[in-house]
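Colleague: I'd like to go through this fold with you, piece by piece. Shall we start with the sheet and then move on to the helices?

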Amino acid sequence: MARETETDRQTGANPDIESMVDLVADNVKLRAEIERLKRKLKRAESLADSDPLCPLLNRRAFVRELEREVLLADRHNDALSVLYIDLDDFKRVNDKHGHEAGDEVLVAVAKILKAGVRRSDIVGRIGGDEFAIVLIRSNPEQTLARVETMRETLNAASDTMYGVTASIGAVARAEGASASQILKAADDAMFADKNKQKTD
């Protein structure tokens, strides 16, 4: 225990109490700094998961979330579907109107896709003009209805997006299939849809 000096006795100061007050003040400052750093880390993590252009998850974050949802769906035997969306003739927009116009189209598509799903669903931009969606607890009938609504909305907005349309592939989770297998199957389904549109 600190020894009380003559000055302390005269002023009524107590070194032990003052030390404790200083410790409490330091502790409060330290806690505030920790909270500030936590918020900063959360912002950094959010930026690391976000696409730099569109208000969506980037490929890395999307695949991570898809893997998590596949594991949950397997555990609870829940329905789960994945959509793979590719813009048709998108290169033409960049070539004819410039990359700024292309960026406008990507942002518009991202907003349409985000608005067309539930808050629990997961939407990501996984390539230049490629997007993917995880529909949580969505059976094949619900998924098909969602795809058709999404296609209609994208086609309706085509005139404001330099004539861009989209090909959409959809697959339901197969028992035992990994996230990468499901995403690949959705990609294959998208190419089948693209080829079908070319022949129609």
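Modeller: Sure. One term first: two strands pair if DSSP finds at least two bridges between them. Keep in mind that this is a predicted model.

Colleague: With that in hand, how many residues does the hairpin between E2 and E3 go through?

Modeller: E2 and E3 run antiparallel and are joined by four bridges. One of the contacts across them puts phenylalanine 131 in E3 as the bridge partner of arginine 125. As for the hairpin that links E2 to E3, the number of residues it goes through is four.

Colleague: Which strands stand at the edges of the sheet?

Modeller: The sheet is open, has four strands paired antiparallel, and follows the order E2-E3-E1-E4. Each edge strand has a single partner, so one side of it has no neighbour in the sheet. Those edge strands are E2 (122-125) and E4 (165-172).

Colleague: By how much are neighbouring strands turned against each other on average?

Modeller: The strands concerned are those of the open sheet ordered E2-E3-E1-E4. Ignoring direction, the average turn between neighbours there is 15°.

Colleague: Now E1 and E3: over how many bridges do they pair?

Modeller: Strand E1 (residues 80-88) and strand E3 (residues 130-136) pair in the antiparallel sense. Leucine 83 stands opposite isoleucine 133 in E3, and tyrosine 84 has alanine 132 in E3 as its bridge partner. The count of bridges between E1 and E3 is seven.

Colleague: How many residues of E3 are buried?

Modeller: Buried here takes a relative accessible area under 20%. In a regular strand, side chains alternate between the two faces of the sheet. On one side of E3, Glu130, Ala132, Val134 and Ile136 are buried, and on the other Phe131, Ile133 and Leu135 are too. E3 is therefore largely enclosed by the rest of the structure, and its buried count is seven of seven.

Colleague: Which helix in H5's surroundings meets Val109, Ile112 and Leu113?

Modeller: The axes of H5 (residues 99-115) and its partner (residues 140-156) come within 10 Å and cross at roughly 150°, with a right-handed crossing. Those three H5 residues meet Met150, Thr153 and Leu154. By class, that contact has five nonpolar, one polar and no charged residues. The partner is H6.

Colleague: What about H3 and H7: at roughly what angle do their axes cross?

Modeller: Helix H3 (residues 59-76) and helix H7 (residues 179-199) have a right-handed crossing. In H3, Arg59, Phe62, Val63, Leu66, Glu67 and Val70 meet Ala179, Ile182 and Leu183 in H7. By class, that gives seven nonpolar, no polar and two charged residues. The axes come within 9 Å, and the crossing angle is roughly 115°.

Colleague: Last stop, the loops. Is aspartate 89 buried or exposed?

Modeller: Aspartate 89 sits in the loop between E1 and helix H4 (90-97). Its phi is positive, about 55°, although it is not a glycine. Exposed takes a relative accessible area over 50%. Aspartate 89 has 55% relative accessibility, so it counts as exposed.

Colleague: And what is the relative accessible area of tyrosine 162?

Modeller: Tyrosine 162 is in the loop between H6 and E4. Phi there is also positive, near 60°, in a residue other than glycine. Tyrosine 162 is partly exposed, with a relative accessible area of 30%.

How values were computed. Residues are numbered from 1 along each chain as its sequence is written. This is a predicted model: local features need pLDDT of at least 70, side-chain atom pairs count only at pLDDT 80 or more; totals for chains, interfaces and linings use all residues. Side-chain values use heavy atoms; hydrogens and water are left out. Axes are lines fitted to C-alpha atoms, for helices over the stretch in contact, and angles run from 0 to 180 degrees between N-to-C directions. Helices (H or I, at least four residues) and strands (E, at least two) are DSSP runs, numbered from the N terminus. A crossing is left-handed if the near helix is turned anticlockwise from the far one by less than a right angle, and right-handed if clockwise. Contact means heavy atoms within 4.5 Å. Ala, Val, Leu, Ile, Met, Phe, Trp, Tyr, Cys and Pro count as nonpolar, Asp, Glu, Lys and Arg as charged, and the others, Gly among them, as polar. Buried means under 20% relative accessible area, exposed over 50%, partly exposed in between (1.4 Å probe, protein chains only).
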